[in-house]
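Got the viewer open? Let's take a short walk through some charged side chains, one selection at a time.

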Amino acid sequence: MTVHSGEAYYNPLCREKLVIRTPAAETSGERAVMDMYVEPGGFAAGYHTHPYSSERFILVRGELRVHVAGRDVILDKLGQSVLVPPGTVHRWFAHSDTEETFVVVELNNRADRFEQLICRQLFGLAQDGKTNKEGRPNMLQSAVTMSEFSDVLRFTDRPWPVQRVINGVLSPVARLLGYQGCNPEYLKRRPFETAELEELPEEVLAHLHGGEPAQGHR
């Protein structure tokens, strides 16, 4: 099932809520814009790449640390942004210990599959207690899910050729045990809530309308 504007999806382990602003369904699956709210201590589930998609983080309030291509970029001023090109290793972390962070995330290319993997499958697993403390599924679940969505996201704790071999060995066993790459239950699960979208400042809208990005800093 597709997601819709205003729907909110929550990952309790990563302390992350995504509110859909522009769903991929409105862009033929190519682009999605999401409001990401990160609680203190929140983080992305592991270092990873998006093989064919670019991802941009634009700060509205709070502080976000984005580790991208081997360096830390701290977003702590309104309108600051960082672009993660396709295939670039990255991970984000809340950088404030006291306040919620709000960033707008723009994903280009394969956005519909990104929504399905993140909002539906990985968030659903986290909600049901079927991941570790970092929001990562167990090896059998990971084998089938990450094989199915290898064009969307690849974790980088092992080289991708090694992961392909491991996933190829484990996937048949996982499927025999009932694991699915994307659980139909999660596709039908209702959103965490329906939220009213916040009005975005001009400094943020400029990025979404093709304006020049502000540079993050260390």
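## Salt-bridge tour

Start by selecting Glu 198, which is partly exposed with a relative accessible area of 27% (buried would be under 20%, exposed over 50%, partly exposed in between; 1.4 Å probe, protein chains only). Before moving on, note that this is a predicted model, where local features need pLDDT of at least 70, side-chain atom pairs count only at pLDDT 80 or more, and totals for chains, interfaces and linings use all residues. Residues are numbered from 1 along each chain as its sequence is written, and side-chain values use heavy atoms, with hydrogens and water left out.

Now add Arg 61, also partly exposed, at 32% relative accessibility. Glu 198 and Arg 61 form a salt bridge (a side-chain nitrogen of Lys or Arg within 4 Å of a carboxyl oxygen of Asp or Glu), with the closest N and O atoms 2.9 Å apart. The two sit 137 residues apart: Glu 198 in the loop between strand 12 (193-194) and helix 5 (202-208), Arg 61 in strand 5 (residues 54-61). Helices (H or I, at least four residues) and strands (E, at least two) are DSSP runs, numbered from the N terminus.

Next, pick Arg 189, partly exposed at 25% relative accessibility. What does the side chain of Arg 189 meet in a salt bridge at 3.0 Å, N to O? That's Asp 128, partly exposed at 32%. Show Glu 185 too: its side chain and that of Arg 189 meet in a salt bridge at 2.9 Å, N to O, and Glu 185 is partly exposed at 44%.

Last stop: select Arg 31, Arg 56 and Glu 106, linked in a network of salt bridges. If you want to keep exploring, the whole structure has 13 salt bridges.
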